[in-house]
Amino acid sequence: MKSLKDCYTLNNGVCIPCIGFGTWQVPNGEVAVSAVKTALSIGYRHIDTAAVYGNEESVGLAIRESGIPREEIFVTSKLWNNAHGYKEAMDAFEQTMERLGLDYLDLYLIHWPNPIKYRNRWQEANAGTWKAMEELYKAERILSIGISNFRIHHIEELLKTAAVVPMVNQIRLCPGDTQDELVEYCRGHNILLEAYSPLGTGKIFDVPEMKALAEKYNKTIAQICIRWSLQMGFLPLPKSANPDRIKENSEVFDFELSQDDVKAIASLKGVCGYSSDPDKIPF
Ligand code: A2P
């Protein structure tokens, strides 16, 4: 990867820009519009939002007003936990598209595999949701479909009825939280790993080993994390609402971590905490 515009290739041949701009906790309105416009002006071409982030309107507005041709921007959104099942998913997708003000979506993900609302029948709920997403995919309303926070048993269950293998699994991946078995399983099925919270939602900045590496490479801790994520073969989704940090997080193509340092960062067990158990989330 040499620039923000370089791509990973999904299992359906679609090109997905190698760093996505994350928008979790970026408030709808001027903050989100301005953050997404800044990201696009710096060269990000991949924006990641979700129905539950509450900022789809602003994300869509920034994309439409950016002056960049729609087909040059990769846009992801996610189906929230209250809308699993065939009909619910169809309706939720249309609402997302209305809020975004776009006529197609590049990637749509099931946000969580086992919401509390469907806990006693998550298998059936995911199968219905996936059927809706497959139809929207075939109709080219969505160009790629995927999952988020799915563990191996959720994927195995989904694949029992799926006609389309998910293109992406978006999970929490950061230094010391590398979900190795799940990563290996996804790779075995040609499912790209997207890394949310690549900076450990901010927890990484106090870790002494990361400070030492930042000095060694003369880069910032955030840049070390994002570069590490890329060298792990993940697609990082760093989030920032601050223009200087949005730019800083994109400047990761002028250095390379040694393989020993990549391994050392992976082995910083627990420094950023661990991902939530999707079968126990209280939402
Ligand atoms: P802010 O939006 O004020 O920049 P993650 O991507 O792992 O979820 O981490 C996001 C958190 O890290 C946010 O609190 C964000 O705050 C902060 N952050 C993002 N980029 C940087 C950076 N380059 N330096 C310091 N903090 C950053």
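## Pocket, ligand and cavity: worked exercises

The largest pocket holds about 760 Å³ of space. Here a volume is the space filled by probe spheres set on grid points joined across faces, edges and corners. We're working on a predicted model, where local features need pLDDT of at least 70, side-chain atom pairs count only at pLDDT 80 or more, and totals for chains, interfaces and linings use all residues. Residues are numbered from 1 along each chain as its sequence is written, and side-chain values use heavy atoms, with hydrogens and water left out.

**Exercise 1.** Work out what lines the largest pocket.

*Step 1.* Get the term straight: on a 1 Å grid over the protein atoms alone, a pocket is an open set of points with protein on both sides within 12 Å along at least five of seven lines, and lining residues have an atom within 4 Å of a point.

*Step 2.* The lining comes to 35 residues, with W24, Q25, Y196, S197 and T201 nearest the centre. Elements giving two or more residues to this lining are β8 (168-172) and α9 (243-248).

*Step 3.* Sort the lining by class: 15 nonpolar, 14 polar and six charged.

**Exercise 2.** Find where the ligand sits and what it touches.

*Step 1.* The ligand takes up the space of the largest pocket.

*Step 2.* Around the ligand are 16 residues, the closest being L199, T201, S240, R245 and N249; the cut-off is a heavy atom within 4 Å.

*Step 3.* Now look at the N and O atoms. A ligand nitrogen is 2.8 Å from a side-chain N or O atom of N249. One ligand oxygen atom lies 2.9 Å from a side-chain N or O atom of K239, and an oxygen atom is also 2.9 Å from a polar backbone atom of A241.

*Step 4.* Alone, the ligand exposes 570 Å², and the protein buries 79% of that (Shrake-Rupley method, 1.4 Å probe).

**Exercise 3.** Look for enclosed space.

*Step 1.* In a cavity, a 1.4 Å probe fits but cannot get out. The whole structure has one cavity of 30 Å³ or more.

*Step 2.* The largest cavity holds about 60 Å³, and its lining includes W112, F150, R172 and Y196.

Conventions: Polar contact = N/O pair within 3.5 Å; in protein donor to acceptor, adjacent residues only side chain to side chain. Sits in = over half its atoms within 2 Å of the grid points. Helix = DSSP H or I, 4+ residues; strand = E, 2+ residues; numbered from the N terminus. Nonpolar A, V, L, I, M, F, W, Y, C, P; charged D, E, K, R; others polar.
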